[in-house]
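Q: Please take a close look at a single part of this model. I would like the strand pairing and the side-chain pattern in one connected account.

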Amino acid sequence: QQAIECCSRVLGYEPQHSKALFRRGFARRHEGSLEEAVADLHAACKLEPKAKELRTQLTECQELLVAQKAAATAATARMLAGNEGAYTEADAEAARQALEEEAKEEAKRKALGKFAADDEQIRQQWQNQYEAADAKTEKNEGNLLMDMETGALRFASPEEMGGKTSAYSWGQGENDVQLTFRLPPDTKPKDIMVTSTSLRLLVRVGGQTVVDGQLYAKILADETLFWVEDRSTDEYEAKVGNSGHKVLMVTLLKADPTQAKEHWPCVIRGDDMIDTSRFGDPVVAINEDDDKDVARYLKIATELQDEMC
């Protein structure tokens with residue numbers, strides 16, 4: 001049902017979208033709505049007459065529809081012939097509808113049984129598109145991870161892509177790095193100093209140096225942001241026993257965006273490093289009609305090919 005609704009939304013904006021027609025027709029076939037499925041697949045075939053898979057799906061769907069109607073008609077005729085005079089017109093119509101529903105369910109079971117693997121693949125494709133869309137919306141495709149066994153995409157949080165040191169915890173996305181420092185209860189804004197250059201970060205709290213070191217990679221120093229958050233009323237923090245304190249948040253903007261296994265393994269050189277190889281190769285979500293997306297995909301594909309050679 002979700003696939004049908006998504007395709008319908010696409011077709012609302014672009015009625016001649018052959019892929020959306022095909023996917024909705026395929027989904028309707030699995031749902032048992034054969035007449036609607038035939039209409040969608042027929043429209044898709046008119047747009048792409050040379051697509052063999054479309055023609056095959058249309059033919060199979062038409063055969064199922066014919067069989068469904070024939071079974072319903074024959075069963076109704078047999079019922080009425082064997083009980084002449086016992087049924088009113090309303091009874092006959094009710095019986096016909098019941099038989100059609102039964103034939104529809106049987107067709108649905110057969111279709112689902114025959115195409116279970118394809119159905120799961122389509123469901124996964126739609127789920128992957130949702131995850132990719134979320135990443136694009138957040139402008140953070142660098143945190144898209146793929147399970148190499150199932151092919152499933154997952155949009156990982158910045159915290160999952162980071163780590164923890166004795167002085168701070170940190171996370172990252174494609175374009176930035178976020179650091180969180182726990183502050184003493186009586187810390188005032190004037191007690192905090194954060195300065196940065198393209199390759200260095202200094203953080204002092206209450207006259208004490210918390211961080212002073214070389215960054216893993218270059219940042220845009222003018223874009224560094226920091227602020228204090230009161231976590232004393234944060235429900236999540238309270239659940240994990242961290243309520244009643246303030247934190248210093250520092251955000252660094254990367255000079256060069258990173259993705260997946262190319263992410264920073266640490267913030268300050270010399271600190272404990274995380275294993276970024278577990279994030280896998282970069283996942284590229286592209287819009288085939290967007291020249292910039294296609295160019296970006298080709299660039300990454302070329303880089304990966306060069307690494308393998």
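A: What follows centres on strand β7 and its two partners. This is a predicted model: local features need pLDDT of at least 70, side-chain atom pairs count only at pLDDT 80 or more, and totals for chains, interfaces and linings use all residues. Residues are numbered from 1 along each chain as its sequence is written, and side-chain values use heavy atoms, with hydrogens and water left out.

Strand β7 covers residues 200-205. Strands (E, at least two residues) are DSSP runs, numbered from the N terminus. Two strands pair if DSSP finds at least two bridges between them.

Take the β6 side. Strand β6 (residues 192-197) pairs with β7 in the antiparallel sense, over six bridges. A hairpin of two residues joins β6 to β7. Met193 stands opposite Arg204 of β7.

Now the β8 side. Strand β8 (residues 208-214) runs antiparallel to β7, and six bridges join them. Here Arg204 has Thr209 as its bridge partner. This hairpin also has two residues between its strands. Gly206 sits in the turn, with a positive phi of about 60°.

Which side chains of β7 are buried? Buried means under 20% relative accessible area, exposed over 50%, and partly exposed in between (1.4 Å probe, protein chains only). The side chains alternate along β7. Leu201, Val203 and Val205 point to one face and are buried. Arg200, Leu202 and Arg204 point to the other face and are not buried. Arg204, then, is on that second face, with Met193 opposite in β6 and Thr209 as partner in β8.

Definitions and conventions
Helix = DSSP H or I, 4+ residues; strand = E, 2+ residues; numbered from the N terminus.
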